[in-house]
Amino acid sequence: MFARRFATVALVCAALLPSANAQEVTLRLHQFLPMTDSVPREGLIPWAEAIEAESEGRIQIEFYPSMMLGGAPADLFSQAQDGAVDLIWTVLGYTPGRFPKSEVFEMPFLVTNAEDTSRAFQRYVEDNAMDEFSGVKLIAVHTHGPGLFHSNRPITALEDLAGMKIRGGSRVISSMLADLGAEAIGMPVPEVPESLSRGVIDGATIPWQVTLALRTSELVTNHTEFSGDHGFYTQTFAFVMNRAAYEGLPDDLKAVIDANSGVEWAGRFGAANDVDDLVGRQEAVDAGNTIVVLDDGETARWRAAAQVTIDNWLTEMDAAGLDGAALYESAQALVAEESAR
């Protein structure tokens with residue numbers, strides 16, 4: 001199965017040869033991770049397989065991982081919007097301020113698990129934030145599982161964070177880290193290993209799933225989790241298609257894309273993260289690393305301290321003419337609803 005899935009990926013490494021199958025369109029999918037990471041492996045590849053199968057080979061997907069087509073991760077959404085590529089998968093937070101309503105899902109202690117939260121996020125965007133994706137065809141949005149700390153010294157209490165240089169993956173997450181007393185260092189996730197190795201940062205906020213590709217458990221030996229049903233934070237992702245490329249398809253092929261867009265695929269992308277969260281955590285256990293799980297009382301202290309991040313975001317939204325409280329309440333309600341399914 002693994003080899004079969006990666007046969008498609010090999011297309012990026014060789015010139016395309018004439019095919020006996022009638023192929024009406026080839027779509028190039030650009031993203032910033034290696035294909036062995038959980039989302040490309042268990043999300044993007046199965047999606048491509050479904051598209052190719054349901055189109056009876058008339059749509060072919062070419063994969064270009066690890067920014068093979070050039071640019072930085074922050075450029076990906078614009079590449080899809082401008083038509084430089086046909087499909088992209090990216091972190092929304094890499095373009096600060098571009099998706100203000102979608103940012104609400106990065107609020108502290110909102111996430112439960114990635115699958116349920118991703119389904120909630122997709123529903124939320126469809127209800128509240130489709131204007132933020134007006135220039136593209138939205139296939140799915142999703143989140144990763146609960147984020148946590150991976151650090152070169154233990155973080156066992158809120159006070160331990162003071163002065164530590166911690167990587168944040170988005171504007172909201174970096175603001176939250178600063179509100180909690182850390183020195184927030186914003187950077188895309190591919191820069192984390194070298195930054196940890198060189199001492200540019202003392203730790204990083206990433207989910208367990210990401211530690212596998214980054215080999216984080218070999219670079220630091222301390223990890224801090226939180227108790228309760230809601231994780232510390234999550235980050236938001238989008239899988240989108242160039243609007244002109246979509247509109248240029250015949251109606252029956254548009255229907256194939258449509259049938260493989262929306263909440264079910266959002267959940268599948270999230271579920272891929274949940275599975276590898278367990279694998280990443282076990283890898284740290286097997287390495288003999290220290291995993292601190294903050295108890296209910298200490299977690300409550302972090303929740304109280306992080307409330308300022310939520311309050312500041314609400315104020316920013318109101319200043320921008322958006323009803324921040326209504327957006328936040330919608331996100332909370334949808335996460336609760338999906339988590340109760």
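A search of the whole structure, a predicted model, finds 20 aromatic pairs. Two of them show how the geometry can vary. A pair of aromatic rings is described by the distance of the centres and the angle of the planes.

Take F105 and F121. Their pair is tilted, with 4.8 Å centre to centre and 40 degrees between the planes. The two residues are 16 apart in the chain. F105 sits in the loop between β3 (87-91) and α4 (114-128), while F121 belongs to helix α4 itself. Both F105 and F121 are buried.

F226 and F232 make a stacked pair. Here the centres are 4.6 Å apart, and the planes differ by 20 degrees. Are these rings buried or exposed? F226 has a relative accessible area of 12%, and F232 has 1%. The cut-off for buried is under 20%, so F226 counts as buried, and so does F232. Both also belong to a cluster: ring pairs link F109, F149, F226, F232, Y233 and W302.

Charged side chains also meet rings. R268 lies over the face of W265, at 4.0 Å from the ring centre. K254 lies over the face of Y246, at 5.8 Å from the ring centre.

Now turn to the sheet. Strands of a sheet pair through backbone hydrogen bonds, either parallel or antiparallel. This open sheet has six strands, in the order β7-β6-β8-β5-β9-β11, and its pairing is mixed. Why do β7 and β11 each have a side without a neighbour in the sheet? They stand at the edges, each with a single partner strand, so one side of each is left free of a neighbouring strand in the sheet. On average, neighbouring strands of this sheet are turned by 25 degrees against each other, direction ignored.

Look next at β5 and β8. They run antiparallel, joined by four bridges. F149, a member of the ring cluster, has T205 in β8 as its bridge partner.

Helices lie across these strands. α11 (residues 263-286) crosses β9 (222-226) and β11. Its direction is at about 125 degrees to β11. α12 lies across β5, β9 and β11, and runs at about 75 degrees to β11.

Helix α5 (residues 171-179) packs here too. Which of its residues are buried? They are V172, I173, S174, M176 and L177. These buried residues pack against four strands: β5 (148-151), β6 (165-168), β7 (183-186) and β8 (203-206). They also pack against α12 (296-319). Just after α5, G181 takes a positive phi of about 110 degrees.

Strand β9 holds H223. H223 has a relative accessible area of 0%, so this residue is buried. What does its side chain touch by a polar contact? The partner is the side chain of H150, at 2.8 Å. Beyond its neighbours within four places in sequence, H223 is in contact with several other residues, including L148, F149 and W208. Also among its contacts are S217, A284 and N289, along with T290, I291 and V292.

Compare a residue at the surface. D127 lies in helix α4, the helix that also holds F121. D127 has a relative accessible area of 58%. Exposed means over 50%, so D127 is exposed. Yet the chain brings another part towards this residue. D127 and S330 are 203 residues apart along the chain, and their C-alpha atoms are separated by 9.2 Å.

Methods
Residues numbered from 1 in each chain as written. Predicted model: local features only at pLDDT ≥ 70, side-chain atom pairs only at ≥ 80, totals over all residues. Heavy atoms only, no water. Buried < 20%, exposed > 50% of the residue type's maximum accessible area, 1.4 Å probe, protein only. Contact = heavy atoms within 4.5 Å. Pairing = 2+ DSSP bridges. Axes fitted to C-alpha atoms, helices over the stretch in contact; angles between N-to-C directions. Phe/Tyr/Trp six-rings, centres within 6.5 Å; stacked < 30°, edge-to-face > 60°. Lys NZ or Arg CZ within 6 Å of the ring centre and 35° of its normal. Polar contact = N/O pair within 3.5 Å; in protein donor to acceptor, adjacent residues only side chain to side chain.
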